[in-house]
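This report looks at how charged side chains are placed in one protein model, and then turns to its main pocket.

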Amino acid sequence: MARSNPERRAALVDAAIEVLARDGARGLTFRAVDTEAAVPPGTASNYFANRDDLLTQAGARVYERLQPDAETIERQRTASPDLATYTQLMRELVGRVSSFRTGYLALLELRLEATRRPALRQVLTERIRADVEANVAYHEASGLPGDATAVKLLILAFNWLIVEQLTLPDVFSEEERDALIAAAVDRIVGGSLP
């Protein structure tokens with residue numbers, strides 16, 4: 001029977017994210033999570049049915065932690081729906097995701113592990129598809145320029161830009177990253193302006 005202390009569970013899942021980012025999916029063990037969370041040995045095994053459960057919950061937790069705060073969402077909703085606003089929103093998004101380095105690296109590890117674990121692949125596919133659909137719906141409701149295809153193209157482009165920033169941070173400077181974001185928005189979305 002899995003334990004249900006939500007704070008302890010969150011701490012263990014956060015520890016799992018750190019282990020995934022540092023040691024990869026193969027290094028993710030209950031013992032490693034216990035050590036990272038600084039809890040007694042055997043604690044993680046009391047909270048998760050098995051390693052797959054832990055992997056799945058780690059993936060969900062990354063997405064929880066990547067969500068913008070209420071103030072950011074409100075500011076975005078009230079901003080003018082133009083290309084400059086779109087560019088600023090994308091800079092903030094890339095910055096927010098990049099600042100949670102271990103979370104994004106853990107998510108990359110989970111994606112790789114999903115190629116070997118059908119159940120994890122299904123969970124991640126559903127979660128990421130829902131995230132894409134939510135981004136498209138938000139975009140369509142916001143009145144920002146561009147269509148669903150533009151949103152998907154920006155997701156794909158910025159995911160790889162984030163990978164570069166997190167794995168090989170000296171490839172592009174911060175100024176180059178900002179310029180690339182502006183160019184991507186202009187070229188992908190700007191062409192759809194009336």
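A salt bridge is taken here as a side-chain nitrogen of Lys or Arg within 4 Å of a carboxyl oxygen of Asp or Glu. The model is a predicted one, and it holds 11 salt bridges.

Asp34, which sits in helix α2 (residues 30-37), is buried but takes part in no salt bridge, the nearest side chain of opposite charge being that of Arg31, 6.9 Å away. Because the cut-off for a salt bridge is 4 Å, the distance of 6.9 Å to Arg31 does not qualify. The side chain of Asp34 instead has a polar atom 2.8 Å from the backbone nitrogen of Gly42, and it also reaches the backbone nitrogen of Ala44 at 2.8 Å. Beyond its neighbours within four places in sequence, the contacts of Asp34 include Leu12, Val39 and Pro40.

Three of the salt bridges are listed below.

| Acidic residue | Basic residue | N to O distance |
|---|---|---|
| Asp14 | Arg65 | 3.2 Å |
| Asp23 | Arg22 | 3.3 Å |
| Glu36 | Arg22 | 2.7 Å |

The pair Glu36 and Arg22 links helix α2 to helix α1, with the two positions 14 residues apart in numbering. Glu36 is partly exposed, at a relative accessible area of 33%, and Asp23 is likewise partly exposed, at 39%. Asp14 counts as buried at 19% relative accessibility, whereas Arg65 counts as partly exposed at 35%. A network of salt bridges also links Arg26, Arg51, Asp52, Glu113, Arg116 and Arg117.

The largest pocket has a volume of about 1,100 Å³ and is lined by 36 residues, with Leu93, Arg96, Asp131, Asn135 and Ile155 nearest its centre. Helix α9 gives the largest share of that lining, 10 residues.

Notes
Residues are numbered from 1 along each chain as its sequence is written. This is a predicted model: local features need pLDDT of at least 70, side-chain atom pairs count only at pLDDT 80 or more; totals for chains, interfaces and linings use all residues. Side-chain values use heavy atoms; hydrogens and water are left out. Helices (H or I, at least four residues) and strands (E, at least two) are DSSP runs, numbered from the N terminus. Buried means under 20% relative accessible area, exposed over 50%, partly exposed in between (1.4 Å probe, protein chains only). Lys and Arg count as positive and Asp and Glu as negative; His and the chain ends are not counted. A polar contact is a pair of N or O atoms within 3.5 Å; within protein, one must be able to donate a hydrogen and the other to accept it, and residues adjacent in sequence count only if both atoms are side-chain atoms. Contact means heavy atoms within 4.5 Å. On a 1 Å grid over the protein atoms alone, a cavity is a set of points where a 1.4 Å probe fits but cannot get out, and a pocket is an open set with protein on both sides within 12 Å along at least five of seven lines; lining residues have an atom within 4 Å of a point. Grid points are joined across faces, edges and corners, and a volume is the space filled by probe spheres set on the points.
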